[in-house]
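Me: I'm new to this one. Can you walk me through it, starting with a term I'll need?

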Amino acid sequence: MFQNTGGLQSLLKDGARHYSGVEEAMLKNIEACKQLSTITRTSLGPYGLNKMVVNNLEKLFVTTDAATIMRELDVHHPAARLIVMAAKLQETEVGDGTNLVVILAGELLRMAEELIQTGLHPSDIITGYEKASKYVDSILSSLTVYTLSNLTDKTQIIKALTPVIASKVYGYESHLATCVAEACVIVTESGQKFDLENVRVVKIQGGVLDQTKTYRGMVIPRPAEGTVKHVRNAKVAVYNCPLDPQQSDTKGTVLIKTAVELKNYSKGEEEIAQKLVEDIHAAGVQVLVLGGSVSEIVMHFLELKSIMVVKINSKFELRRVARMLGATSVVRLGAPIPEEIGFADEVSSEEISSTKVTIFRRESESSKVATVVIRASTQNVMDDTERALDDALNTFRSITKDQRFVAGAGACEAEIAKRVKAYAMSNPGLDQYAVLRFGQVFEIIPKTLAETSGADPNYILPKIYAENNLKVGVDVESGTVKDLSEVVVDHLVTKQWAIKLASDVALTVLRIDQIIMAKPSGGPNLNKKPVVEDD
């Protein structure tokens with residue numbers, strides 16, 4: 001017989017968990033978020049420390065990229081997952097600044113915890129945080145120190161992208177920023193809208209990062225199939241089907257009884273293959289790009305006609321090559337019509353560090369595609385460099401919409417902290433304490449930059465305030481403070497989104513006063529190893 005034990009447990013299944021109140025729910029949520037923030041905080045800046053993460057598939061990641069760390073950690077705590085979701089949204093919208101979101105959200109909640117323990121009600125903290133967040137949003141545009149005036153000027157683009165790359169691959173940022181800037185200029189110089197799809201990244205192991213190079217066109221990391229390795233001013237046909245006369249859409253069986261019938265069958269196949277290749281050659285095609293297989297007999301006739309053959313296994317890469325060359329993918333056996341044929345200035349099979357690659361070059365303004373070939377000694381360095389280049393490319397995508405920049409190296413955050421604390425003094429009421437703490441949160445950025453570079457944060461921060469200049473930040477090389485606005489600038493939109501998302505996460509967590517967790521569904525625990533008992 002059902003017994004009502006009273007309370008919330010009577011509403012839920014056995015095994016459900018329920019936490020409520022400031023002590024049980026709110027402070028536990030804050031603690032989880034603080035722990036997550038602590039993980040990535042020391043990865044901030046050029047001297048940020050790497051984190052070693054082994055995911056559930058036992059793949060190893062050694063990186064300072066907060067987006068990768070958040071993605072691979074597999075966080076289960078519901079409140080901490082809010083920060084992970086905010087970091088993912090920052091990565092999607094801007095492509096950079098994920099660590100800033102995590103750090104600011106963790107600090108906002110740490111400050112809120114201190115205020116709660118001193119007796120301030122969560123509603124007063126929420127009101128103060130909302131006021132401060134709106135104020136920061138209103139003053140952020142006034143902190144602009146640099147505006148990029150020409151999206152095709154390589155020098156200006158390098159200045160904008162160097163700090164983004166330096167935060168992950170310090171020491172090689174100048175060369176890598178130059179490579180990314182070259183790729184961005186190639187894509188945008190014809191006046192077309194910048195599309196991330198038009199900048200490809202290929203990783204080739206061997207050499208050093210200084211050998212990373214940008215190619216105008218596409219680099220496919222595999223060689224040409226036959227003996228023809230180089231063609232200039234080539235007409236290119238792209239086939240998305242197997243070039244094999246034997247393969248057809250319908251299956252059939254051929255019964256051969258005598259040697260003569262076998263010979264005639266082979267001869268018939270030969271004639272079909274020869275006719276196919278002759279038709280392709282008559283259309284003027286000099287290079288074939290194939291997404292499917294090619295039979296040996298067809299390959300033989302292609303060699304006789306000196307037609308270059310390149311196989312691409314990825315249908316996405318095949319589509320990109322077709323778009324770059326101005327070709328249309330052919331899905332039938334037979335010669336392509338003139339409208340389906342693309343053009344390349346040069347197609348060549350080359351060798352980069354013992355890896356054979358095929359390079360498609362096209363100078364036409366109607367097709368702007370660039371490929372950055374990353375060179376490094378280990379796979380891990382190449383992976384981390386790829387993440388840095390991805391952040392830089394996403395930043396350039398944001399720059400095409402808004403060209404304003406604020407001072408980097410913690411200068412912008414120190415100025416925000418100073419202004420918000422001054423704003424708090426003009427706001428009487430209990431929420432004044434929350435506004436004041438909101439301002440103090442931003443001090444964590446210059447402090448962390450000082451810590452990771454080996455300087456004393458308690459010395460650096462007062463020095464920045466004493467300069468009374470919104471361009472003065474932390475010089476990680478010398479461990480002092482100076483005007484770095486000519487060298488280190490941060491994109492305004494990145495800051496806006498990071499502050500907005502961090503504030504939203506903190507406010508969401510502070511509004512939670514109960515946690516109700518249903519009993520997990522049944523089924524095998526795949527992570528649990530089976531216990532083997534001895535007979």
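Reply: Sure. Two strands count as paired if DSSP finds at least two bridges between them. The model is a predicted one.

Me: Where's a hairpin, and how many residues lie between its strands?
Reply: E11 and E12 form a hairpin, with two residues between them. Ser 353 sits in the turn and has a positive phi of about 50 degrees.

Me: How many bridges link E11 and E12, and in which sense do they pair?
Reply: Seven bridges, in the antiparallel sense. One partnership there joins Ser 348 to Ile 359 in E12.

Me: What sheet does that belong to, and in what order do the strands run?
Reply: An open sheet of six strands, ordered E7-E12-E11-E8-E9-E10. The pairing is mixed.

Me: Which strands stand at the edges?
Reply: Strand E7 (218-220) and strand E10 (308-311). Each has a single partner strand, so one side of each is left without a neighbour in the sheet.

Me: What does the twist average?
Reply: From one strand to the next, the average is 35 degrees.

Me: What about E8 and E11, parallel or antiparallel?
Reply: Strand E8 (residues 230-239) pairs with strand E11 (residues 342-352) in the antiparallel sense, over six bridges. Ala 234 is opposite Ala 344 in E11. Arg 232 is opposite Glu 346 in E11.

Me: Which helix packs on the sheet?
Reply: Helix H10 (residues 315-325) does. H10 touches E7, E8, strand E9 (287-290), E11 and strand E12 (355-361). The direction of H10 makes about 145 degrees with that of E7.

Me: New topic. Glu 72: buried or exposed?
Reply: Glu 72 counts as buried, because its relative accessibility is 17% and the cut-off is under 20%. Glu 72 lies in helix H2 (residues 66-73).

Me: Which residues does Glu 72 touch?
Reply: Val 53, Asn 55 and Phe 61, leaving out residues up to four places away in sequence.

Me: What pLDDT does the chain average?
Reply: The average is 81, and 87% of the residues score at least 70. Among the elements, helix H16 (residues 492-510) has the highest mean pLDDT, 89. Strand E1 (residues 17-20) has the lowest, 61.

Me: And where is the pLDDT below 50?
Reply: Residues 1-5 are one such stretch, with three contacts in the model beyond near neighbours in sequence. Residues 529-535 are also below 50, with zero contacts of that kind.

Me: What should I not do where pLDDT is low?
Reply: Don't read the predicted coordinates in detail there.

Note on methods:
Residues are numbered from 1 along each chain as its sequence is written. This is a predicted model: local features need pLDDT of at least 70, side-chain atom pairs count only at pLDDT 80 or more; totals for chains, interfaces and linings use all residues. Side-chain values use heavy atoms; hydrogens and water are left out. Helices (H or I, at least four residues) and strands (E, at least two) are DSSP runs, numbered from the N terminus. Axes are lines fitted to C-alpha atoms, for helices over the stretch in contact, and angles run from 0 to 180 degrees between N-to-C directions. Contact means heavy atoms within 4.5 Å. Buried means under 20% relative accessible area, exposed over 50%, partly exposed in between (1.4 Å probe, protein chains only). pLDDT is the predictor's confidence in each residue, from 0 to 100.
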